[in-house]
Amino acid sequence: MTAQIPEWLAADIATREAARHDRAAAAFAEATDRERALIHDAAVMGYVQGLIRSREEGAPKDSQVIALVIQECLAFPDLYPAVAALAEAAEQQGGAR
């Protein structure tokens, strides 16, 4: 059984989706170059990790996800230069912040 979505509902969904897109684009435009790079690196790696994670194991804690994403970004520093730069800066400071 298939049901048609009413035109008014489809239009409302499209309007809300466009508003979410515009809000995200405006927020991203306000970010500094460094913040944009970090958002990019985290978003791409988060997407990749989401694709390869088994859904049967449940969702890990945020701290575990953050650690995993950073570790994976550092494994490919040429692909995630913003995260690599943070690790390099920490190493130059002796690991302390």
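Analyst: Helices (H or I, at least four residues) and strands (E, at least two) are DSSP runs, numbered from the N terminus. Happy to take questions on this predicted model, where local features need pLDDT of at least 70, side-chain atom pairs count only at pLDDT 80 or more, and totals for chains, interfaces and linings use all residues. Residues are numbered from 1 along each chain as its sequence is written, and side-chain values use heavy atoms, without hydrogens and water.

User: Which helix holds Ile39, and is this residue exposed, partly exposed or buried?

Analyst: Ile39 sits in helix H2. Its relative accessibility is 43%. On the scale used (buried under 20%, exposed over 50%, partly exposed in between; 1.4 Å probe, protein chains only), Ile39 is therefore partly exposed.

User: How far apart in space are Ile39 and Ala82, C-alpha to C-alpha?

Analyst: In sequence, 43 residues separate Ile39 and Ala82. In space, their C-alpha atoms are apart by 9.2 Å.

User: Which residue forms a salt bridge with Arg16?

Analyst: The structure has two salt bridges (a side-chain nitrogen of Lys or Arg within 4 Å of a carboxyl oxygen of Asp or Glu). Arg16 is exposed at 53%, and its partner is partly exposed at 31%. The two are four residues apart in helix H1 (residues 7–30), so about one helical turn separates them. With an N to O distance of 3.0 Å, the partner of Arg16 is Asp12.

User: And which residue pairs with Arg36 in a salt bridge?

Analyst: Arg36 is partly exposed, at 24%. Its partner also lies in helix H2, three residues away, about one turn of the helix. The N to O distance is 2.9 Å, and the partner is Asp33.
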